[in-house]
Amino acid sequence: MRTLTKIACTSILSILCLSSCKTEKQKEVLEKPNIIYIMADDLTTQAISAYGGIYKDLAPTPNIDKVAKEGMLFQDVLVTNSICGPSRAAILTGNYSNINGYYKNESGGKFDASQWTFPQEFQKNGYKTGLFGKWHLGTEPVGFDSFKYHNSAGQQGHYWNPVYNDNGNDVKETGYATNLSTNFALSWLDTAKETKSPFMLVLQYKAPHRPWQPDQKYETLWEDIEMPYPSTFNDNYKGREKTAGDTEMTMEYFSRRDMKLERPKSIKKGRETIKWDFYGAKEGEIVQPENMSDEEGKKWRYQNYIKDYLACVKSVDDNIGRVLKYLKENNLEENTVIVITSDQGFYLGDHGFFDKRFIYEESLRMPFMVKYPKKIKPGSVNEDIITNIDFAPTLLELAGIKTNQKMQGNSFVKILEGNTPKDWQEAMYYHYYEFPFWHHVQPHYGIRTQKFTLAHFYYNIDVWELYDLEKDPQQMHNIINDASYQPIIIDLKSQLKQLMVTYENDKSLADFRKITDTDFGRIVDNIKDEESVQQILSKKQE
Ligand code: SGN
Ligand code: CA
């Protein structure tokens, strides 16, 4: 009797074990990871507390930080062309602008949607795919079962009551864009998670892009506080007069709209309203209260700007918190890869700037972190040079999707696993083309290693710059003429040349200038308001 019971128990146990082991094994084979790719617009590392910085205690980002804490935080993810559409095109195709054909925002035309993009590959391989929020590439998204993207203000979108293109139809929604895009994404997830297929969600916030309009509840969040100033706030651009010193993105170029000044009722619709709202954006126009000194005015504009920008980031952080809560409540945390990033970096008064475009650190570095408990050690930090063309191959490899598609980028899954391959890149190639509108930043290309930045500004000037990132991390000293650096310059120039050959962009300066000069067309047809802004503002640019 005793023995019989023992035998019976043992066999029941082994059956139980067998079936549960089998389930585990089956799970591994069947369970492809879900992917959630979250990209905010113009979100920069200086505004994320996980990266430290001067705002970390006053304006923390606990939800974004949580992803970093539970995953890997990247310190050196760099954008190949620091502007919205071109960065998005590079991310989608895994290729540089010269291969995907999308070089510029202004007069950059529409993204060629007949090209291969990574979401198409996910869709082809059985993933449910969805896109919500900012798209900003002109043509309709391909590779998504469902999409709902900002379709106003030339696809920049609006913060309040925005128009979205909902799978082909324009719908005006009521509310605040950051909350709305998250609502749409989460309700799509409700359906996607019920199917047997894994999902790949792309959630791209309009925030914290200009004109930096916070949610009502955060409008006066830091009213009584004077936000700190970046240490390079009063940069005088010595030795960089024709490059950093000749832009339209300093604190003097904020408009009345940026400063949230109320337009007099007497100003009627149309051209006049645009003229009033954008006053300040042109040279010689300064927005500041009467009786303020220049220094006070500069500080006043910065304070308005930084508080609004950080308040927009706060909503992004809150909404990322909603996504994380959703994953937890639906038991999706273990098998979901979460990426948080931005389309480039941004200046928060650093070097006296707002906006991006330059190869200089604040706009070159993209915030980037990944959480995926199955592969990534919590709390890890990585310092390898990775660029935005490496995203697509990495996401595909994480999902176990093989493709013959030619991508210039490389997968960094090994890096996520904590093992940087011996032959991993130690330098990156950068190239920015748009000029003069918006912000008058000279087209330039360059190389960035972990120690140096070497750049050539070439459109209607011929200026080389070199920065020693170890001795001068803030890039205040252009040491291109320093004799002791000449051997380094020779070496960097030859590496740069090699990179241009590798990336198939070893063209003449005349050919590069042609790209800047070419009008590839508008991003969307029939946008009257944008047209007038361009006409009104572009007068005094060259
Ligand atoms: C708008 C902004 C610019 C900004 C571009 C590009 N002007 O035109 O300041 O550089 O977008 O931004 S605004 O006053 O009309 O907001 S990007 O994110 O699309 O690259
Ligand atoms: Ca952007």
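**View 1. Here's the calcium ion (ligand 2) with its protein donors, D41, D42, D343 and Q344.** The model is a predicted one: local features need pLDDT of at least 70, side-chain atom pairs count only at pLDDT 80 or more, and totals for chains, interfaces and linings use all residues. Residue numbers run from 1 along each chain as its sequence is written, chains are lettered from A and ligands numbered from 1 in the order in which they are written, and side-chain values use heavy atoms, with hydrogens and water left out. D41 and D42 each bring an OD atom, D343 is listed for OD twice, and Q344 offers OE1, at 2.2 to 2.9 Å from the ion. To count as a donor of calcium, an N, O or S atom has to sit within 3.2 Å (Na and K share that limit; other metals get 2.8 Å), and sites may look incomplete because water is not among the atoms. Read along the chain, the donors of the calcium ion (ligand 2) spell out the spacing D-D-x300-D-Q. D41 comes from the loop between β1 (34-40) and α2 (62-70), while Q344 comes from the loop between β9 (336-342) and α9 (361-364), so this pair ties together parts that are 303 residues apart in sequence. Helices (H or I, at least four residues) and strands (E, at least two) are DSSP runs, numbered from the N terminus. D41 and Q344 are both buried, meaning under 20% relative accessible area (over 50% is exposed, in between is partly exposed; 1.4 Å probe, protein chains only).

**View 2. Now for ligand 1 and the residues that surround it.** Count 17 residues around ligand 1 (a heavy atom within 4 Å). The closest are N105, Q156, D355, R357 and H439. Three polar contacts (N or O pairs within 3.5 Å) are worth picking out. The backbone joins in at C84, where an N or O atom lies 3.0 Å from an oxygen atom of ligand 1. From the side chain of D355, a polar atom comes to 2.7 Å from a ligand 1 oxygen. With H439, a side-chain N or O atom is 2.6 Å from an oxygen atom of ligand 1. Taken on its own, ligand 1 has 460 Å² of accessible area, and the protein covers 94% of that (Shrake-Rupley method, 1.4 Å probe).

**View 3. Zoom in on the backbone of D355 and H439, two of the residues closest to ligand 1.** What is the sign of phi at D355? Positive, near 75 degrees, in a residue other than glycine. D355 belongs to the loop between β9 and α9, and its relative accessibility of 5% makes it buried. H439 also has a positive phi without being a glycine, with a value near 80 degrees. You'll find H439 in the loop between β13 and β14, buried at a relative accessible area of 5%. For a sense of scale, the C-alpha atoms of H439 and R301 are 17 Å apart, with their positions 138 residues apart along the chain.

**View 4. Next up are the cis peptide bonds at P211 and P436.** R210 and P211 are joined by a cis bond with omega of about 10 degrees. P211 sits in the loop between β8 (199-204) and α7 (271-277). The bond from F435 to P436 is cis too, and its omega is near 0 degrees. P436 is in the loop between β13 (427-432) and β14 (444-449).

**View 5. This one shows S49 and K56 in the loop between β1 and α2.** Is S49 buried or exposed? It's buried, at 12% relative accessibility. The S49 side chain reaches the backbone nitrogen of T61 at 2.7 Å. K56 is partly exposed, at 38% relative accessibility. How far apart are K56 and Q46 in space? C-alpha to C-alpha it's 8.4 Å, for a sequence separation of 10 residues.

**View 6. Last stop: Y459, in the loop between β15 (452-457) and β16 (463-468).** Y459 counts as buried, with 14% relative accessibility. If you include G349 in the frame, its C-alpha atom is 26 Å from that of Y459, and the two residues are 110 residues apart along the chain.

Notes: Polar contact = N/O pair within 3.5 Å; in protein donor to acceptor, adjacent residues only side chain to side chain.
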